[in-house]
Amino acid sequence: MTTAFDPVDLAGTRLANRIAMAPMTRSRAHGADRTPTDAVVEYYAQRASAGLIITEGVQPVPEGQGYPDTPGLHSREQIAAWRKVTDAVHERGGRIFAQLMHSGRIGHPDLLDDGLHPVGPSAVAAAGQVYTHEGPKDFVTPRALTGDQVREAVAGFAAAARNAVEAGFDGVEIHGANGYLIQQFLASGSNHRTDEWGGSVENRVRFAVEVVRAVAAEIGPDRTGLRISPANTLNDIAETDTEELYTALLAAIEPVGIAYLHVLETAPERRPLVHELRKRFAGTFILNPSGEGPTGAADLALIEDGTTDLLAFGRLFIANPDLPARLRADGPYNPLDAATMYGGDHRGYVDYPSL
């Protein structure tokens with residue numbers, strides 16, 4: 001029987017175990033250059049015993065930033081700063097992928113450099129607010145991307161993936177979940193386009209497919225992963241024909257042969273869809289399961305019964321940097337209180353899905 005503590009081959013990269021650290025926003029890239037700080041180096045190095053670390057969302061282009069103090073991978077300074085992180089993780093025997101996250105319409109001009117504005121597939125504002133250094137502010141109406149700008153956004157993901165490899169990352173995860181730009185293209189509620197990227201299911205998956213192909217062509221499919229969250233309503237997403245949408249997406253990217261698919265399960269009743277996606281995807285499967293609370297020791301059974309290859313843990317990794325050892329010993333676990341979650345450096349903002 002396969003267990004969480006068995007090694008696994010991730011498209012040629014050997015992982016020491018099947019416990020993944022889920023991506024979680026930390027907002028520690030203070031300053032105009034949006035570079036990770038020494039605290040970020042320590043944070044990821046402490047958690048290097050994970051089979052795979054997936055970083056917080058990293059904006060591939062300046063206008064892709066959706067929250068305060070989040071890091072980028074679009075400048076020489078950012079590449080150099082991330083190299084300190086990857087070196088520290090590798091020195092401790094870990095493996096780390098950078099999550100490339102373009103927030104799209106989720107954000108605010110106050111978070112961006114002068115002249116930049118949030119963008120999206122269509123000029124449809126999301127309901128809700130985002131935290132800025134001046135306090136919460138309503139989401140604004142994004143600028144609808146032109147056809148040329150859509151192609152530039154695809155190229156931006158590919159360039160950031162190249163920068164990630166230069167910075168020493170083992171690969172990248174494309175963030176296609178949680179209501180950010182890629183899911184905004186997938187969802188009919190935010191995508192009102194009438195060109196080749198809008199309307200039909202085939203057209204709405206096109207942007208995601210183009211990003212996957214471009215990244216895989218740039219750094220290799222063996223270094224490319226994709227995260228999705230079918231039926232997720234986070235960030236005011238209204239998604240129709242979910243099963244058709246995601247089975248079409250997988251059919252389109254399957255020939256690329258990417259390293260893994262990372263599924264955020266949005267509700268327990270979505271488990272049949274998880275099984276269907278698992279069946280349709282030939283690569284390594286990572287699951288962040290839905291449940292009554294954060295992913296915990298009881299969920300390790302999902303590896304043993306073959307539901308997933310790797311299991312993604314979020315909140316428990318915040319309070320327990322040595323989580324694989326604690327899971328093997330069945331505890332004890334440090335409590336997950338607000339001070340541990342926020343760390344005193346978020347300046348009022350934290351973005352954790354139910355992990």
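## A question to start with

Does Asp 309 count as buried or exposed, and at what relative accessibility? At 17% relative accessibility, Asp 309 counts as buried, because the cut-off for that label is under 20%. Please keep in mind, as you look around, that this is a predicted model.

## Asp 309 and its two arginines

Asp 309 has a salt-bridge partner in Arg 278, with 2.9 Å from N to O. Arg 278 belongs to helix 8 (residues 271–280), while Asp 309 is in the loop between helix 9 (301–304) and strand 14 (310–313), so their pairing ties together parts that are 31 residues apart in sequence. With a relative accessible area of 22%, Arg 278 is partly exposed. Elsewhere, Glu 276, Lys 279 and Arg 280 are joined into one network by salt bridges that share partners.

Now turn to Arg 18, in the loop between strand 2 (13–15) and strand 3 (19–21). Arg 18 is buried but has no salt bridge. What is the nearest side chain of opposite charge to Arg 18, and how far away is it? The answer is Asp 309, at 4.4 Å; a salt bridge needs the nitrogen and oxygen within 4 Å. Leaving aside neighbours within four places in sequence, the contacts of Arg 18 include Thr 2, Thr 3, Ala 4, Asp 6, Pro 7 and Val 8. Ile 303, Asp 309, Leu 310 and Leu 311 are also among the residues that Arg 18 touches.

## Other salt bridges

A search of the whole structure turns up 13 salt bridges. One of the pairs is Asp 241 with Arg 204, whose closest N and O atoms are 3.4 Å apart. This pair links distant parts of the chain: Asp 241 is in the loop between strand 11 and helix 7, and Arg 204 is in helix 5, 37 residues apart. The two partners also have different labels for exposure: Asp 241 is partly exposed, with a relative accessible area of 31%, whereas Arg 204 is buried, at 3%.

Glu 265 and Arg 271 provide another example, their side chains meeting in a salt bridge of 2.6 Å, N to O. Glu 265 is buried, with a relative accessible area of 4%.

## Helix 6 and its surroundings

Helix 6 is a nice place to zoom in. It has 14 residues and reaches 20 Å from its first C-alpha to its last, close to the 20 Å expected at 1.5 Å a residue. Its buried residues are Phe 207, Ala 208, Val 209, Val 211, Val 212, Val 215, Ala 216 and Ile 219. What do these buried residues of helix 6 pack against? The list is helix 3 (147–166), strand 10 (171–175), helix 4, helix 5 (201–204), strand 11 (224–228) and helix 7 (242–253). Just after helix 6 comes Gly 220, which has a positive phi, near 100°.

## Aromatic rings

The structure holds 5 aromatic pairs. One of them is Phe 185 with Phe 207, a stacked pair with 4.3 Å centre to centre and 20° between the planes. Phe 185 lies in helix 4 (residues 181–186) and Phe 207 in helix 6 (residues 206–219), so this pair ties together parts that are 22 residues apart in sequence. Both Phe 185 and Phe 207 are buried.

A ring also meets a charge in this model: the charged end of Arg 28 sits over the ring of Tyr 43, 5.1 Å from its centre.

Definitions and conventions:
Residues are numbered from 1 along each chain as its sequence is written. This is a predicted model: local features need pLDDT of at least 70, side-chain atom pairs count only at pLDDT 80 or more; totals for chains, interfaces and linings use all residues. Side-chain values use heavy atoms; hydrogens and water are left out. Rings of Phe, Tyr and Trp (its six-membered ring) pair if their centres lie within 6.5 Å; planes under 30 degrees apart count as stacked, over 60 as edge-to-face and the rest as tilted. Helices (H or I, at least four residues) and strands (E, at least two) are DSSP runs, numbered from the N terminus. Buried means under 20% relative accessible area, exposed over 50%, partly exposed in between (1.4 Å probe, protein chains only). A charge sits over a ring if NZ of Lys or CZ of Arg is within 6 Å of the ring centre and within 35 degrees of the ring normal. The expected span of a helix is 1.5 Å times one less than its number of residues. Contact means heavy atoms within 4.5 Å. Lys and Arg count as positive and Asp and Glu as negative; His and the chain ends are not counted.
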